[in-house]
There are 2 protein chains.
Amino acid sequence: MADIARLAGVSTATVSRALNHSPLVNEETRNRILELAASLKYSINIGAQNLRLRQNRTIGVVIPFDRKSHQHLTDPFLLTMLGSLADALTEQGFDMLFSRIATDELGTALAAPFDSGRVIGVIVVGQWGRHQELNELAARKVPIAVWGAQLPQQLYCCVGSDNVSGGRLATEHLLAQGRRRIAFLGDLDLPEPAQRYRGYRAALERHGIDADPQLQVSCPFLPSGGRDAVTTLLGRGVPFDAVFACSDLLAMTAIDSLRAHGRRVPEDVAVVGYDDIEQSSYFHPRLTTVRQPIGAAAQALVAKLLALIDGAPAPSVELPTELVVRASAGEAS
Amino acid sequence: MADIARLAGVSTATVSRALNHSPLVNEETRNRILELAASLKYSINIGAQNLRLRQNRTIGVVIPFDRKSHQHLTDPFLLTMLGSLADALTEQGFDMLFSRIATDELGTALAAPFDSGRVIGVIVVGQWGRHQELNELAARKVPIAVWGAQLPQQLYCCVGSDNVSGGRLATEHLLAQGRRRIAFLGDLDLPEPAQRYRGYRAALERHGIDADPQLQVSCPFLPSGGRDAVTTLLGRGVPFDAVFACSDLLAMTAIDSLRAHGRRVPEDVAVVGYDDIEQSSYFHPRLTTVRQPIGAAAQALVAKLLALIDGAPAPSVELPTELVVRASAGEAS
DNA sequence: ATGAAAGCGCTAACAG
DNA sequence: CTGTTAGCGCTTTCAT
């Protein structure tokens with residue numbers, strides 16, 4: 001900027017004003033400065049500007065990972081969420097600082113980019129069993145919006161889908177297809193699968209069916225999850241004619257594995273997934289699944305976070321959930 | 001920092017030194033300051049620090065989008081690349097500033113985060129037909145590493161796979177399966193598909209087969225691409241017994257569409273994809289595809305960019321390409 | 001071992 | 001309309 005001031009024969013203050021399109025500066029001068037800046041490919045140093053203005057238009061996005069298992073980021077649901085968040089943020093004129101943090105460091109590392117002034121708020125995808133740490137951040141007034149499940153005593157703003165009714169929807173559909181031995185795939189230690197399980201239980205109960213604990217198998221949201229779950233299920237020797245998986249990734253890998261074991265889908269085993277990622281529409285058989293509106297979720301997360309940053313209240317929301325009937329669980333009922 | 005200085009009864013200079021673990025400061029004083037900082041959840045303002053130190057550890061990552069078609073970021077290949085870049089960057093201790101830019105603005109907008117000092121280098125995923133603009137940036141000494149195809153007169157550092165041999169590999173495999181009418185799906189206006197097409201042509205030629213232009217269909221890397229291509233192909237009424245698609249996304253949506261049209265894969269039509277995204281291994285039929293090592297690619301992009309930033313030379317590289325034989329094109333030959 | 005002071009690149013009173 | 005000056009939060013000589 002000093003260079004430009006010298007070349008234009010004015011003070012840096014004038015250059016600053018011109019660059020910011022202040023009406024105070026003479027049009028001729030402004031044009032001269034603007035041309036000069038363009039020809040030098042000069043662009044205001046945002047860091048210095050932020051420092052001076054005490055502002056910032058960068059939002060942190062964190063997708064945690066589990067140190068033990070989840071080395072790489074490959075779950076299509078998470079990836080799609082990331083893409084949608086990028087789109088939503090771009091649309092609002094914010095930059096996205098993306099980072100991955102190990103779940104066991106969430107408590108300390110999550111707020112670092114905020115405390116150090118790099119971002120003005122953080123979006124976290126998933127609770128990862130760190131409800132308490134997230135609550136502490138919210139209590140500290142760190143602007144934070146989390147994708148996940150609503151929990152009791154939740155201080156932080158949470159955006160999620162209606163997991164209980166999602167679980168109910170999926171199970172009711174399977175029951176309507178005449179299935180009675182419905183396996184449940186998902187990690188009950190995580191809030192979202194736990195709520196979906198409640199919906200699953202409720203639906204069974206409504207039909208007078210006892211839930212068989214042998215049909216519930218815990219598995220992480222990983223590609224190996226569906227495969228391992230099927231192996232476990234088969235190993236237990238319990239009969240089952242349907243599977244409700246807590247994510248489409250799990251559903252797809254389970255289907256692949258069932259097929260490898262000679263079970264036809266949906267004839268022998270009907271499968272319902274959760275998420276409705278794009279791939280579900282061209283997977284074979286096309287996946288029947290509980291739709292989570294990812295695009296809307298990303299928009300909501302951004303909107304909530306911006307509200308929080310503005311000091312406005314941002315109550316948690318549960319996005320409506322919807323069953324998308326395709327082929328993997330038999331025809332529409 | 002001023003607060004801490006006051007509370008600790010020292011100057012900000014000492015606080016700064018203590019926080020940076022300078023050996024110059026008395027151990028007792030340092031501990032007092034460190035504790036104070038921890039209890040206040042204080043963390044150095046990175047913006048100010050960067051300004052003063054004239055440094056920065058943020059890298060820009062850009063995934064362009066085509067204004068006309070590609071509204072949202074859903075291609076699993078791109079998403080996986082993004083995830084891998086995030087992992088590679090995190091591993092090296094760099095932050096990632098992610099942005100989406102319309103292809104028609106690449107020339108001007110790509111360097112903005114660099115010129116404004118927000119990032120010290122940029123990774124661009126895909127050339128998007130903007131070879132010239134990318135060259136100009138490189139000529140301007142903007143540190144930039146691009147995922148794409150090597151082209152004549154390329155000034156920028158490019159990391160890509162060996163597309164010609166990839167195309168050859170895929171086609172040879174199909175030929176070895178006895179297929180002779182091989183459709184090619186991909187946009188020849190883009191450098192990578194164009195190179196893969198050269199490999200395709202070379203393989204056909206080696207077997208004394210004339211390439212039928214009716215078998216080449218242009219389609220963008222979108223979910224609708226494979227479907228539309230199949231419709232076009234069927235509409236042309238030309239017989240075909242195989243498809244080589246320029247991405248797994250295209251291959252999968254093409255397979256879905258073929259199935260909808262009553263064609264069995266691989267019996268009636270053998271299909272080979274390109275990329276080897278994770279989903280290919282649990283798609284049905286499991287996809288035979290040309291593997292692009294995405295993780296290695298991300299590592300290479302980061303390494304190249306860091307070299308460039310250090311002022312070191314960073315020659316372009318072509319990563320080796322490999323055929324992964326699964327089920328969508330028949331048994332292994 | 002610590003403090004005073006200057007300055008990184010920018011903007012906003014305040015004068016003129 | 002434009003220049004002077006102070007200061008955003010930090011680090012680093014240079015003194016002491």
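A polar contact here is a pair of N or O atoms within 3.5 Å; within protein, one atom must be able to donate a hydrogen and the other to accept it, and residues adjacent in sequence count only if both atoms are side-chain atoms. The model is predicted, so to speak of local features takes pLDDT of at least 70 and side-chain atom pairs count only at pLDDT 80 or more, while totals for chains, interfaces and linings use all residues. Residues are numbered from 1 along each chain as its sequence is written, chains are lettered from A and ligands numbered from 1 in the order in which they are written, and side-chain values use heavy atoms, with hydrogens and water left out.

**View 1. Polar contacts to the bases of DNA strand D.** A polar side-chain atom of A:R17 sits 2.6 Å from a base nitrogen of this strand. From the other chain, a side-chain N or O atom of B:R52 is 2.2 Å from a base oxygen of DNA strand D. B:A48 joins in with its backbone: a polar atom there is 3.4 Å from a base nitrogen of DNA strand D.

**View 2. The protein surface around DNA strand D.** Count a residue as near when one of its heavy atoms lies within 4 Å of the strand, and you get 25 residues, with A:T14, A:R52, B:S16, B:Y42 and B:R52 the closest. Of the strand D atoms within 4 Å of the protein, 63% are sugar or phosphate and the rest belong to bases. Helices α2 (12–19) and α4 (46–53) of chain A, and α2 (12–19) and α4 (46–53) of chain B, each supply at least two residues; helices here are DSSP runs (H or I, at least four residues), numbered from the N terminus. The largest share, 4 residues, comes from α4(B).

**View 3. DNA strand C and its contacts.** This strand also has 25 residues around it, the closest being A:M1, A:S16, A:Y42, A:R52 and B:R52. Sugar and phosphate make up 65% of the strand C atoms that come within 4 Å of the protein. On the phosphate side, a backbone N or O atom of B:S11 is 2.7 Å from a phosphate oxygen, and a polar backbone atom of A:N45 is 3.0 Å from a phosphate oxygen. A:R17 goes for a base instead, with a side-chain N or O atom 3.4 Å from a base nitrogen of DNA strand C. For this surface, the largest share is 4 residues from α4(A).

**View 4. Helix α3 of chain B, side by side.** The helix runs over residues 27–39, 13 residues in total, and reaches 18 Å from first C-alpha to last, close to the 18 Å expected at 1.5 Å a residue (1.5 Å times one less than the number of residues). Its buried residues (under 20% relative accessible area, 1.4 Å probe, protein chains only) are B:T29, B:R30, B:I33 and B:A37. They cover an arc of only 100 degrees around the axis, so they lie on the same side of α3(B); the arc is taken from the directions from the helix axis to the C-beta atoms. On the other side, B:E27, B:E28, B:E35, B:A38 and B:S39 are exposed (over 50%).

**View 5. Cysteines without partners.** The structure holds 0 disulfides over all chains, a disulfide being a pair of cysteine sulfur atoms within 2.5 Å. The sulfur of B:C158 is 7.2 Å from the closest cysteine sulfur, in B:C157, so it is too far for a bond. B:C246 is in no disulfide either, with the nearest cysteine sulfur, in B:C219, 7.7 Å away. B:C158 is buried at 0% relative accessible area, and B:C246 is buried at 1%.
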